[in-house]
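Reader: Please take a close look at one loop position in this model, then work outward to the parts around it. I would like the cut-offs behind each term spelled out along the way.

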Amino acid sequence: ASALWGGLASLLYHSVSEGVGGTIVGKLILGLRVVRRDLQPVGFGSAVIRSLAYLVDAFFFGIPAYQSMQASPYNQRLGDKWGKTIVIKASAIPENLRRSRGVMLLGLACGMITQALVIALAMISKVL
């Protein structure tokens, strides 16, 4: 049960952070952003698809992700292909399509709060 709660918390953190702000903490530090293939901001639906596919990649020790990235001209893992997204340097996004720093930080905050709420719910229900 703990693994399910942890998986849900991780899934929601990634989905909300990327869906709202286009990035998670690690990508922000590295200057990377998640966008649609047409460079438009990614939506929540695509972010959920990416996150669900990550669970598949992780279950098989990243092998599907590695194979998918090797076969893709944009180094897309399965989640990116299924969600129609790419991960690129922030500097490669045209100025008019970039999310503001405030929106990125809002996405991160919402993702972290969502993750914390799921963990708190798990603790309250005495699952952890």
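Author: F61 counts as exposed because its relative accessibility is 78%; exposed means over 50% relative accessible area, buried under 20%, and partly exposed in between, with a 1.4 Å probe and protein chains only. This is a predicted model, in which local features need pLDDT of at least 70 and side-chain atom pairs count only at pLDDT 80 or more, while totals for chains, interfaces and linings use all residues. Residues are numbered from 1 along each chain as its sequence is written, and side-chain values use heavy atoms, with hydrogens and water left out.

F61 sits in the loop between α3 and α4. Helices (H or I, at least four residues) and strands (E, at least two) are DSSP runs numbered from the N terminus. The backbone of F61 has a positive phi of about 60°, although F61 is not a glycine. K84 likewise is not a glycine and has a positive phi of about 60°. The place of K84 is the loop between α5 (78–83) and β2 (85–89). K84 has a relative accessible area of 48% and is therefore partly exposed.

On one side of the F61 loop is helix α3, which covers residues 44–59. This helix gives the most to a nonpolar surface patch, with 3 residues. The patch has an area of about 520 Å² and is made by I49, V56, F59, F60 and W82. Patches are made of residues with over 30% relative accessible area and no salt bridge; like charges are joined within 9 Å, and nonpolar side chains (Val, Leu, Ile, Met, Phe, Trp, Tyr) within 5 Å. Accessible areas come from the Shrake-Rupley method with a 1.4 Å probe, and for residues only the protein chains shown count as cover. V56, one of the patch residues, belongs to helix α3. Its relative accessible area is 35%, so V56 is partly exposed.

On the other side of the loop is helix α4, residues 63–70, which contains Q67. Q67 is exposed because its relative accessibility reaches 51%. From Q67 to L78 the chain runs 11 residues, and the two C-alpha atoms are separated by 9.0 Å.

Helix α3 also contributes to the largest pocket, which holds about 300 Å³ of space. α1 (2–21), α2 (25–30) and α3 are the elements that give two or more residues to the lining of this pocket. A pocket is found on a 1 Å grid over the protein atoms alone: where a cavity is a set of points at which a 1.4 Å probe fits but cannot get out, a pocket is an open set with protein on both sides within 12 Å along at least five of seven lines, and lining residues have an atom within 4 Å of a point. Grid points are joined across faces, edges and corners, and the volume is the space filled by probe spheres set on the points. The lining has 17 residues, with E18, K27, R50, Y54 and R77 nearest the centre of the pocket. By class it comprises 8 nonpolar, 4 polar and 5 charged residues; Ala, Val, Leu, Ile, Met, Phe, Trp, Tyr, Cys and Pro count as nonpolar, Asp, Glu, Lys and Arg as charged, and the others, Gly among them, as polar.

Three of the residues named at the pocket centre, E18, K27 and R50, also take part in salt bridges. A salt bridge is a side-chain nitrogen of Lys or Arg within 4 Å of a carboxyl oxygen of Asp or Glu, and the structure holds 6 of them. E18 meets K27 at 3.1 Å, N to O, and both residues are buried. E18 also pairs with R50, the closest N and O atoms being 2.7 Å apart. This pair links distant parts of the chain, since E18 is in helix α1 and R50 in helix α3, 32 residues apart. Like E18, R50 is buried.

R36 and D38 form a salt bridge at 2.8 Å, N to O. R36 is partly exposed, with a relative accessible area of 34%, and D38 is partly exposed at 43%. Salt bridges that share partners join E18, K27, R50 and D80 into one network.
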